[in-house]
Amino acid sequence: MAITEQDIRHLCKLSSLSLGDAEINRMSKELEAIVGYVQQLQEVDTTGVEPIANVAGLENVTRPDVPAGMLTQRQALANAPQRNEVAILVPKVVER
Amino acid sequence: MSTAIAIAAAVQAGQSARIEVDHALERAQRDTTNAVIRIHAERARAAASRVDQRIAAGERLPLAGVPIAVKDNLCVEGLETTACSKILAGFIPPYTATAVARLEQAGAVVVATTNMDEFAFGSSNETSAYGPVRNPRDPTRIPGGSSGGSAAAVAAGIVPLALGSDTGGSIRQPASLCGVVGMKPTYGCVSRYGLIAFGSSLDQIGPLATTVADAGLCLEVMAGHDGFDSTSAQRPTAGLAAAGLNRTIPSGLRVGYVPAHATGLASGVAARLEAAKRQLAQAGATLVPIEMPHETYAVAVYYVIATGEAASNLSRFDGIRYGHRTAQPATLQALYGQSRAEGFGWEAKRRIMLGTYALSAGYYDAYYAQAQRVRTMVVQAFERAYASVDVLLGATAPTTAFALGDKVDDPMAMYMNDVCTIPSNLSGHPAVSVPFGVGADGLPVGVQVLAPALQEALLFRVAQVVEDGAL
């Protein structure tokens, strides 16, 4: 299955990952080889087989809806690359 | 270097924990393999003093004063944790992973953080932002991955015990290549709270150690339900450490093996596996050849599911709340795209692309859903096998450690390293790699014991009989 540079540009958009032209070219070749390999899954007859999502067989694990320990504002902000005393700073997203 | 059990016994009997911890810190300083990327001397000495105080106050601590190393994807409050990725440089977690917290509560002392493949994406420890790790048995070789630093730190005698994480073999394969014990518990056995997620339906935290008994003790301390991880199992976990001390196998034990596997193994590895089979037969086990249909598809299933989950998990790295942010982005979208492009290494980018492809509209059913269906068939094959045998025996890795740089430009060749270990991640079953001599090249070979879900006690018991025949 061919993976074109246009496919890679689409995937870049979906995954918010900016790749340069040389990277896009290399990625298309490498992805084509890997997708070619996983293509073998198509030969397996899976009629009537349910997809498995959780091997532990767990479903809708809940806990009591009560507040418990949580990060302080200072802790929550501590790793933000740009912040002030009370908030994380981001570029302007709405023009007035 | 003493075993963890011997160190804990000595410290419990009155020897200062500071002595063992200071020795481990010195060994970490002298590390020549690049296994250790951060040393926590001050914190470790303070923790050792607290252990001494607790022992003096009459507490019994199963891991009293045992120096341990922790893979760089396990959060420890106040210690930089990066998953060996540039995108997390400088990240200081505000909390500690449950697995680490339980070991510390039991008296273990974290002395160092270990190197790993970036976000655990790799089988040779060559994708780390901190550079590759060298195999302590031969510095021209890779240590395996992704827990290559933890395996090398134990093999080099820096610490008796280290933590790794295993998504497709990342504990067991480096354990095999470095000549140490590496164990992946049942999915849900150990809480993953504080583990930087890779493939959430596959990831497990587990021990690397010099003996099966040490691995059993470590697991017993870590295991058990944790309210912070809703996938952690509600079940009693006592008895794992004791299982590590009973050096016999249950009478009538049936050990399955898959004859078809032999064709993919290097001759030295195949010879050691045969020797391990003889060892178990002499110990009284019955060896039973079995078939595992659909297992040949396991690597393909894995690379669709693991990358799909990885692409989703890595979407949190957006340059906003933590991690690297690009300088002066023109737009918010550019901030995301450029921060991620600058922060992630090539293997991470490739896995994000593959995972996004497998999950994208038009391809989801053909790739991700189909992989999940074939995964069901792999799980069913295990269930059929365990109807006629008690445990399975196989190789851990198809070869011994290969040379640094050998496979770094060939992703498919690299991915095939995990062919022996991936099936038990897909099924969620526990498995342990036990060192079993060396191959034709003089490098370590591990053999793998696999058991049904939550049968860790049986797994350790059989593994210890294998271990006893390794010399």
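**Exercise 1. Count the helices and strands of chain B, then judge its overall form.**

Step 1. Chain B has 16 helices and 11 strands. Helices here are DSSP runs of H or I with at least four residues, strands are runs of E with at least two, and both are numbered from the N terminus.

A word on the ground rules: this is a predicted model, in which local features need pLDDT of at least 70 and side-chain atom pairs count only at pLDDT 80 or more, while totals for chains, interfaces and linings use all residues. Residues are numbered from 1 along each chain as its sequence is written, chains are lettered from A and ligands numbered from 1 in the order in which they are written, and side-chain values use heavy atoms, leaving out hydrogens and water.

Step 2. Turn to the radius of gyration, which is taken over C-alpha atoms and set against a globule rule of 2.2 Å times the number of residues to the power 0.38. For 471 residues a compact globule would come out near 23 Å, and the 21 Å of chain B agrees with that.

Step 3. Add the burial: 66% of the 471 residues of chain B count as buried. Buried means under 20% relative accessible area, exposed means over 50%, and partly exposed lies in between (1.4 Å probe, protein chains only).

Step 4. Finish with contacts, meaning heavy atoms within 4.5 Å. In chain B, 74% of the contacts with a separation of 6 or more are between residues 24 or more positions apart.

**Exercise 2. Now describe chain A with the same kinds of values.**

Step 1. Chain A holds three helices and zero strands, and its elements run α-α-α from the N terminus on.

Step 2. The radius of gyration of chain A is 23 Å, well over the 12 Å that the globule rule gives for 96 residues, so chain A is more spread out than a compact globule. Its C-alpha atoms fill a box of roughly 55 × 45 × 25 Å along the principal axes.

Step 3. Of the 96 residues in chain A, 27% count as buried. Contacts joining residues at least 24 apart make up 26% of those between residues at least 6 apart in sequence.

**Exercise 3. Find how F91(B) and Y322(B) pair, and where they sit.**

Step 1. Rings of Phe, Tyr and Trp (its six-membered ring) pair if their centres lie within 6.5 Å; planes under 30 degrees apart count as stacked, over 60 as edge-to-face and the rest as tilted. Over all chains, the structure holds 16 aromatic pairs.

Step 2. F91(B) and Y322(B) are edge-to-face, at 5.6 Å centre to centre with 65° between the planes.

Step 3. F91(B) lies in the loop between β2 (67–71) and α4 (98–105), and Y322(B) in the loop between α10 (298–313) and α11 (332–343), 231 residues apart. Both residues are buried.

Step 4. For contrast, try Y95(B) and Y193(B): their ring centres are 4.8 Å apart and their planes at 25°, so this pair is stacked. Y95(B) is partly exposed at 29% relative accessibility, and Y193(B) is partly exposed at 23%.

**Exercise 4. Work out how covered helix α7 of chain B is.**

Step 1. Helix α7(B) spans residues 212–222, and 10 of its 11 residues are buried.

Step 2. Among these buried residues are V212(B), D214(B), L217(B), C218(B) and M222(B).

Step 3. Just after α7(B), look at G224(B), which takes a positive phi of about 115°.
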